[in-house]
Amino acid sequence: MKAGILLFPGINRERDMAIAVTRSFGVAPRIVWHKETELSGLDLVIIPGGFSFGDYLRCGAMAAQSPVMRAVKDHAARGGYVLGVCNGFQILTESGLLPGALLRNAGLRFLSMDTMLKVERADTVFTSHYQTGQIFRAPMAHGDGNYTADDATLDRLEGEGLIAFRYADQNRNGSARDIAGIYSPNHRILGLMPHPEDLVDPLMGGEDGKPLFDSLAAA
Amino acid sequence: MKMVDAALAKSFGLNAEEYGKVLDIMGRVPSFTELGIFSVMWSEHCSYKSSRVWLKELPTKAPWVIHGPGENAGVIDIGEGLAAIFKMESHNHPSFIEPYQGAATGVGGILRDVFTMGARPIANLNALRFGDPALAVTKRVVDGVVRGIGGYGNCVGVPTVGGEVNFHPAYNGNPLVNAMTVGIARTDKIFLSAAAGIGNPVVYVGSRTGRDGIHGATMASAEFDADSDAKRPTVQVGDPFTEKLLIEACLELMATDAIIAIQDMGAAGLTSSSVEMAGKGGVGIELNLDHCPQRETGMTAYEMMLSESQERMLMVLRPDRQDLARRIFEKWELDFAVIGHLTNTGHIVVRHHGQVEADIPLDPLAELAPSYRRPFLEPTPPAPLGETPDPIGIEAALLKLIACPDLCSRAWITDQYDSTVGGQTVKRPGAADAAVVRIEGHRLALALTTDCTPRYCAADPYEGGAQAVAEAWRNLTAVGARPLAVTDNLNFGNPEKPEIMGQFVAAIRGMAEACRALDFPVVSGNVSLYNETEGTAILPTPAIGALGVLEDASTALGIALAPGDTLVLLGATRGHLGQSLWLREIAGQEAGPPPPVDLAAERRNGDFVRGLIQRGGINACHDLSDGGLLVAVTEMLLAGGTGASLAAPPETIAPHAYWFGEDQARYLIATPNPATVLRDAQAAGLPAAVIGRAEPNGLTLPGGVTISLEALRDAHTRFFPAWMAA
C-alpha cells in the first residue's frame, strides 16, 4: 500500500504520522502539499493532526476548501483509503466525507492525556491486526473532539457497523455515544480523534497504536 | 507630536543623567523617534543595566559550549554532530495584565529566540509562580496563563514537556511566567545575528506591524501600580498559526545558503533587531519604513520602530538569493519585504515618507548604554529555627502535604498541554524528575527541567541560588542524564532598593558557586526586575532551566515504583526543617535557614547515582526536594500504582524531621538488588539505607498504619479540579 500524508499550513503531526507509517510500511510516505491536485499512485491518503489554517474558523473548515480536498474526494469516490486523525477527522467531517461534526470539548478545555479505545470491529482494513472488543491505549490532544450528529445519523452509524472506536475508560470530551472514530459506509474512510501514531514505539510508552498501521500495511 | 525634552525622556523611562548622555551622543535634541529608540534600548529589559556587572560572575564556558550568553540563545554540543539550542525568558508583566496573551506571547517569543538560530524547537517547558490561591484573581491568572501556554504551544506543535508551579502571597500582584524552549540544529548550521556585507538587503518577514506592544520593554522595566489595567494596550497579541508558518519557512530557507544573519523581533521589535544586527556586525543600517508591512494605516516611524507585534523576523540575505527566499515565504503565505540595506556609515538611519526620522550612531548607543553597580545590602542571615514539635502526626501531615497547592498533582495543568506531539516524548510530565525527549532519528535524548525554591532564596539568597542549580542538576541526574548546561531566568524586585539588589547579588554568587562545582555553565538567560506591585516585591526567584543528555534514550529512568523493588535512600538525612513545606503547611511558620547545600556531596552523590543507573539494575530514581522523604516515596507509589511498607526512622532524628525534612543531595532508588547498591555506596563513601519495599496494599508506615493508594491519590489530585470548579 502506498501512502501519502497531506500537509496543510498549520498541520503539526505530520512527522509523527510519517514515523508510524514508515515503521509499519517499511517505506516513507509521500508528503503532499495542500495545493497539489494529483493523488494518483496513492492507495492511502492520510490527513494528520494539527491546527490547519490556525483553526480560526471552525476546526478543519478552511482546509476542507483547499485544492487538494477535491482530489481526496475523487480518490475516495474511486474507493481509495483515507485516514483522518484529530484535525484530519475534523477536515473529513467538514468536507462531507464523514457525517457529523466535532464540537468544543464538553469541559471547554484542551485535553491531553492517554485514553482507552475499544475496537468495535476487527474486519476492516484499518483494524485487522486488532481483535473485536480489544481495548487499547492512545494519546489524545484536542480542544474540539466532542463528536456530535443527529440521532438518526447516530442510529445509522451504529446500525450499519460504522463506529470504529469508542472511548472505553472515560468519555472526557462529551462525544455522543462515546464515539472516538467512525467509518464511511464502505469502511474505507476512517476518522478518529486520538493519536495511535504517537504510540508505536515501546520507548514512547507502548505500541498500542501500531496494529492500526500494521493492518494497513498488510492490506 | 510632543516636544522632546527631559520631561518626555522621563516619561519614556530615561532619567536625567541618561537623557544627558543622549544629548551628548546626538550633539542635538533627538527627534521623537530617536528618543523612543534610546529609551527602549536603554531600558532595563534590553540593556540589563542593573544586572550586567553581576552576570559576569556566572561561569559560562565548558568544552561543550558552542555559544554562551550574548546570542539569541545558548548553544551546546550534544554529540553526533548536533547542537542543543535553548533559553528561558520571562513574560511576567504582560501575564498579570492579560494572562492568556501574556503567557501565549511569552511562549512565542522564546520559540523565536531558538529557531532564529537554526534549530527546530523540540520541547517547551515553563516555570510559573502565582499568588495566594485564596484570592479570586489568582484563579483567573492561573486559568489564563495555563490556557495561554497551551493555546500557543499546542498550536505550533511543540510539545510542552515539563515545568514547575509554586504559590505564595508574594506573587499576588506579580505572577511569574518563565518560558523555556529547546531546539536541535546541526553544529555546522547555526545562524547568528551579526550583519555583514555593505549593500546587502535587510528583509522583514512574518506578520505585519501593528500598534500592539508599543513600549512593552519599558513597561517591563517598571513597577506596577493601581493603574496597571491602563497598560493593557502595551500587551501583544499572539498568533501561533503564523508562528508555525514562520518556523517552517525559516527552517526551509535555512537549509539553503541564503541567510547571512537573522534575528527575531522580540522586545523593542524592529529597533532592537536592527540595532543589534548592525551593531554586532560593525556596520550601519538604513531602513525605509515605507516598505515595512503594516497592519494599520497611518502608523508613524516611532510606532513602527517600537511596536512589539509578534511573529516577525529580520534577516540579512545574500542579494543573489533574494528571489529564492521570497518564493519560500510566499509559499508559506507570509509577508516578505526588503525594508533596507546595510551601509558603511556606522549609523542606523530610519526614513519614512521621504524624511529622516532617526539617525543615530550605533557604537555609542551600545557602548555608552548605562550600566549601574547599584548599592546593595548583604542579606541578613536567617535566625536559627527554634523547637518544632509535631502537632498532628505523620499520617495526617502526609495527607495534608500531598494535597497542598505546592505539592499536589499538576495533572490538571499538564493535561491541557500537548506533551506528545512530535512523537519523541520518552518521559512525559510527572513520569520522571526531568522530561526526556528523544532526538528524532537518533538514540540520543535530552533531559530537561526547570527548578527554583523561592522560599529558600528569600531566607538566604546565596544558599537558595546554589540550591536551584543543584536541584536542577539532581533532576537531570535522576533520569540518568549527564547534566550539561543551564539557562537562567532571574526574577527579582526593584533593583534600586539596596535590599533587593543584595538578594540579586547573593543569588548570583550562590548560583555561580554551584555551577562551578557541578561543571554546569550558564549559556543563556534573562533578567526580570521591578517585579513589585505597590512597593511589595516578589520572593527572589532565580529560575533555572537545565539540559542534560542521555546517549541512549532507552536508559532513561522514571519515578514509578514496581512490585519487587526495594527503596534505598542515598545521601545524608539530618532532618532539616527550616523553610520546609512541612514547617509552612503543618506548623504554620516560614522560618529558619533553608537546607544548606554541600556542593561536594551533591557532586559525589549525583555522580554515584548516574553511574548506578548506567550500570543497570535500577528501576526508578527520584530526587528528594519539596516535602522531603515521605512525599517522595508517595510520589513513587502513585506513579507506579503500587504500595510500600516503610522501616522505622533512626532514633537520632525526630520522626517528622526524618520524614519531611528537606536535606539536599539525596536520591531514592528503587531496585531489586539493594545489597549491590548498599555495597557500592559504602565503597564510594555515601550514606545509604534501605527504607522500605514495594507491597501490594497501600502505604504502610512504621507502626502499622496503612493508607490506601486511593486515599493518597484522592488527596494528591483533589486541589486543582476542586479549586477551578469552586
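B:Glu513 comes out as partly exposed in this predicted model, at 34% relative accessibility. Its side chain pairs up with that of B:Arg516 in a salt bridge, with N and O 3.6 Å apart. Both residues sit in helix H19 (residues 498-517) of chain B, and because they are three residues apart, about one helical turn separates them. B:Arg516 is partly exposed too, with a relative accessible area of 46%.

That pair is part of a bigger tally: over all chains, the structure holds 60 salt bridges. One of them runs between B:Asp143 and A:Arg109, at 2.7 Å from N to O. Here B:Asp143 belongs to helix H8 (residues 136-156) of chain B, while A:Arg109 is in the loop between strand E5 (101-103) and strand E6 (111-119) of chain A, so this bridge joins two chains. Both ends are tucked away: B:Asp143 counts as buried at 19% relative accessibility, and A:Arg109 counts as buried at 18%.

Over in chain A, A:Glu158 bridges to A:Arg166, with the closest N and O atoms 3.0 Å apart. A:Glu158 is partly exposed, at 34% relative accessibility. These two residues also belong to a salt-bridge network that takes in A:Lys118, A:Glu120, A:Asp151, A:Asp155 and A:Arg177.

Back in chain B, B:Glu286 is found in strand E9 (residues 284-288). With a relative accessibility of 17%, B:Glu286 falls under the 20% cut-off and therefore counts as buried. Its side chain makes a polar contact with the side chain of B:Arg351 at 2.6 Å. Leaving aside residues up to four places away in sequence, B:Glu286 touches B:Ile339, B:Gly340, B:His341, B:Thr343, B:Val349 and B:Arg351.

How values were computed. Residues are numbered from 1 along each chain as its sequence is written. Chains are lettered from A and ligands numbered from 1 in the order in which they are written. This is a predicted model: local features need pLDDT of at least 70, side-chain atom pairs count only at pLDDT 80 or more; totals for chains, interfaces and linings use all residues. Side-chain values use heavy atoms; hydrogens and water are left out. Helices (H or I, at least four residues) and strands (E, at least two) are DSSP runs, numbered from the N terminus. Buried means under 20% relative accessible area, exposed over 50%, partly exposed in between (1.4 Å probe, protein chains only). A polar contact is a pair of N or O atoms within 3.5 Å; within protein, one must be able to donate a hydrogen and the other to accept it, and residues adjacent in sequence count only if both atoms are side-chain atoms. Contact means heavy atoms within 4.5 Å. A salt bridge is a side-chain nitrogen of Lys or Arg within 4 Å of a carboxyl oxygen of Asp or Glu.
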